[in-house]
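Here is an informal walk through one chain, from its surface to its inner spaces and its charged pairs. Keep the viewer open as you read.

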Amino acid sequence: MDGSCMFASLTLISHIVVSVIITVKVIFRRLPVGTSLAWVLIVASFPFFGAIIYMLIGDHRLGRKRMRLGHMVRKYYQKELSVKSGAVEDHPEVQNTFMKIGEVAAQGTGFHIRSDNRVALLSTPEEIFTSLIADIHKSRQTCFLEFYIIEAQGRVNEVLEAIMSAAKRGVDCRIIADHIGSRKFFKSEWISKFETAGVKVVDSLPTGIVKTFFVRSDLRNHRKIIVIDRDICYTGSFNLADPKYFNRKKAVGPWVDLFVRMEGDVAEALSVVFNTDYVLDTHDRKSLRRIPSLPDLETELAPDVLKMNTALHGTHGKNKPLQIIPSGPEMATSVIYETIISSVYTAQDYIMITTPYLIPDEPLLLALTNAARRGVEVSIIVPQKVDSMMVRFASKSYYGELLDAGVRIFEFQEGLLHTKTILIDDSVCYLGTVNLDMRSFYLNLEITLALHAAEDCTDVRNIVSDYISSSKEVDAELWGDGRRSKPAMFAENLVRLASPLL
């Protein structure tokens with residue numbers, strides 16, 4: 001046997017050995033079947049390159065230290081902030097079924113449904129920026145922000161100026177920003193300005209050539225959280241980026257988002273999530289001893305703060321039942337995925353979903369089509385244009401099955417609809433950072449807010465109805481296999497093979 005044949009034989013044997021090792025590893029991890037098969041196919045089809053890709057993005061690793069400390073830190077903050085003490089076992093606006101679903105979620109997160117809250121939905125950038133800037137200017141103790149994307153353009157600069165001003169008057173200001181999503185921010189002059197002003201800025205989940213061998217570079221901190229004075233908080237789909245400027249070169253239109261401003265004990269849960277991420281990203285064990293006492297929510301708010309809150313957000317009752325559901329690879333279970341699947345199967349009248357990325361796996365696809373076939377009105381609103389070609393192709397590959405089952409699909413025409421909501425029967429609305437794709441369900445650090453009050457669900461439904469009025473419905477008859485070009489269908493179905501990995 002000559003040298004070239006021997007080299008080829010050794011290469012083949014090495015490829016087979018590596019493929020078998022990774023296949024065994026994938027089998028032992030008990031991933032969803034589609035994800036497992038996709039990885040086995042990639043590793044087997046692309047010698048060595050497939051194995052390298054798996055090493056880079058195939059393992060759900062956030063680093064041993066973070067995984068080891070995560071559970072301990074969350075427990076500490078939950079105890080310190082008495083998160084469980086305000087949990088409700090019964091509430092007139094929470095159906096028994098969703099109370100049980102909420103308790104299952106709480107088993108994995110520690111965050112129960114709590115009722116002492118006010119809620120205001122903010123559906124325009126102007127409302128969001130005006131409200132947030134006013135709250136930061138009135139902050140007295142703490143101002144904590146956590147975002148996937150921070151981009152210092154437009155009115156975002158006003159927010160950053162307000163944070164710097166708060167820090168200079170003694171407010172404890174901290175910012176967590178994702179290393180990849182906020183890379184422009186970390187290269188901006190704001191980092192040195194914040195350092196001078198005393199604002200603590202944390203680079204979340206940093207990446208690098210060396211780190212790639214120990215932690216996945218594509219596991220991102222996708223959360224959007226603001227907590228001010230342990231009483232006021234925000235979450236939703238809105239990144240700290242002004243839609244007038246952000247990503248306009250991609251020609252998808254302005255990003256359209258929904259943010260929720262809340263007052264009450266829900267801020268305690270979001271404080272736990274923020275502080276846990278802060279400690280894990282800084283590995284600062286001393287932070288465990290730096291938590292200021294919570295202000296009394298009824299007596300310690302100054303009159304001018306209460307007056308401002310009323311002017312901005314009205315005087316709605318403060319008995320709103322809410323639940324915070326953090327999720328991600330550092331949690332013991334796929335909590336948000338299980339919550340969504342369970343909730344979809346409870347639907348009796350309607351399901352309304354908004355998501356920029358629609359890439360369901362087989363169980364979620366079955367749940368949605370089953371709901372439509374048993375008479376539930378299922379509507380999904382997606383943007384006509386998205387910022388990823390692969391996502392666009394993969395999403396469209398699911399249209400046929402959904403439409404055949406009676407699901408109505410609407411394509412939003414006035415920008416990149418970035419809002420992520422799942423509304424069921426005016427009984428519950430899941431709103432936050434989670435897209436309908438496997439990345440959100442299993443890979444990214446995400447945050448979801450469950451709204452249970454009928455008034456809040458109705459408000460969300462009205463906003464989503466406005467999205468529909470600015471959308472074009474996909475015609476089920478025109479989408480039939482016989483009416484579409486074969487190259488388009490082939491491209492969509494080809495990309496769909498990789499959908500478990502998108």
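Why does V24 count as partly exposed? Because its relative accessibility is 39%, V24 falls into the partly exposed class, which runs from 20% to 50%. One thing to keep in mind from here on: this is a predicted model.

**The surface around V24**

V24 sits in helix α1, which covers residues 3-29. V24 has company, too: together with L12, I16, V20 and F28, V24 forms a nonpolar patch on the surface. The accessible area of those five residues together is about 500 Å². If you want a reference point for V24 elsewhere in the sequence, try V40: the two are 16 residues apart in sequence, and their C-alpha atoms are 9.5 Å apart in space.

**The chain as a whole**

Zooming out, the chain has 502 residues, and 56% of them are buried. You can pick out 18 helices and 17 strands. The accessible surface of the chain adds up to about 21,600 Å², with carbon and sulfur atoms accounting for 58% of that. As for how the chain meets itself, take the contacts between residues at least 6 apart in sequence: 84% of these join residues at least 24 apart.

**Two aspartates with positive phi**

Two loop residues deserve a look at their backbone angles. D229 has a phi near 55°, a positive value in a residue that isn't glycine. Its place is the loop between β5 (225-228) and β6 (232-236). Is D229 buried or exposed? D229 counts as buried, because its relative accessibility is 6%.

Then there is D425, another residue other than glycine with a positive phi, near 55°. D425 lies in the loop between β14 (421-424) and β15 (428-432). With 16% relative accessibility, D425 also counts as buried, since the cut-off for that class is under 20%.

**Charged pairs**

Side chains of opposite charge can pair when their charged atoms come close. A search of the whole structure turns up 17 salt bridges. Here are three of them, with the N to O distances.

| Pair | N to O distance |
|---|---|
| E263 and R118 | 3.1 Å |
| R174 and D172 | 3.2 Å |
| R261 and E263 | 2.7 Å |

Start with E263 and R118, whose closest N and O atoms are 3.1 Å apart. This pair links distant parts of the chain, with E263 in strand β8 (residues 259-264) and R118 in strand β1 (residues 117-122), 145 residues apart. How do the two partners sit relative to the surface? E263 is buried, because its relative accessible area is 5%, while R118 counts as partly exposed at 28% relative accessibility.

E263 also meets R261 in a salt bridge at 2.7 Å, and both R261 and E263 are buried. Which residues do salt bridges with shared partners join into one network? They are R118, D135, R261 and E263.

The pair of R174 and D172, at 3.2 Å, brings together two buried residues as well.

**Cavities and the largest pocket**

How many cavities of 30 Å³ or more does the count come to? The count is eight. The second largest cavity has a volume of about 100 Å³. Its lining consists of P356, Y357, L358, V382, P383, Q384, V386, R392, S395, K396, Y399 and E411. Two elements, β11 (377-383) and α14 (389-396), each supply at least two residues of that lining. The largest share comes from α14, with three residues.

The largest pocket, an open space, has a volume of about 750 Å³. Its lining has 28 residues, and those nearest the centre are Y148, K250, W255, Y357 and D387. Helix α14 turns up here again: along with α8 (183-186) and α16 (438-443), α14 supplies at least two residues of the pocket lining. Y357 is another name to follow between the two spaces, since Y357 lines the second largest cavity and is also one of the residues nearest the centre of the largest pocket.

Conventions: Residues numbered from 1 in each chain as written. Predicted model: local features only at pLDDT ≥ 70, side-chain atom pairs only at ≥ 80, totals over all residues. Heavy atoms only, no water. Patch = residues over 30% accessible without salt bridge, like charges linked within 9 Å, V, L, I, M, F, W, Y side chains within 5 Å. Areas by Shrake-Rupley, 256 points an atom, 1.4 Å probe, with all protein chains shown as cover. Salt bridge = Lys/Arg side-chain N within 4 Å of Asp/Glu carboxyl O. Helix = DSSP H or I, 4+ residues; strand = E, 2+ residues; numbered from the N terminus. Buried < 20%, exposed > 50% of the residue type's maximum accessible area, 1.4 Å probe, protein only. Contact = heavy atoms within 4.5 Å. 1 Å grid on protein atoms, 1.4 Å probe; cavity = no way out; pocket = protein on both sides within 12 Å on 5 of 7 lines; lining within 4 Å. Points joined across faces, edges and corners; volume = space filled by probe spheres on them.
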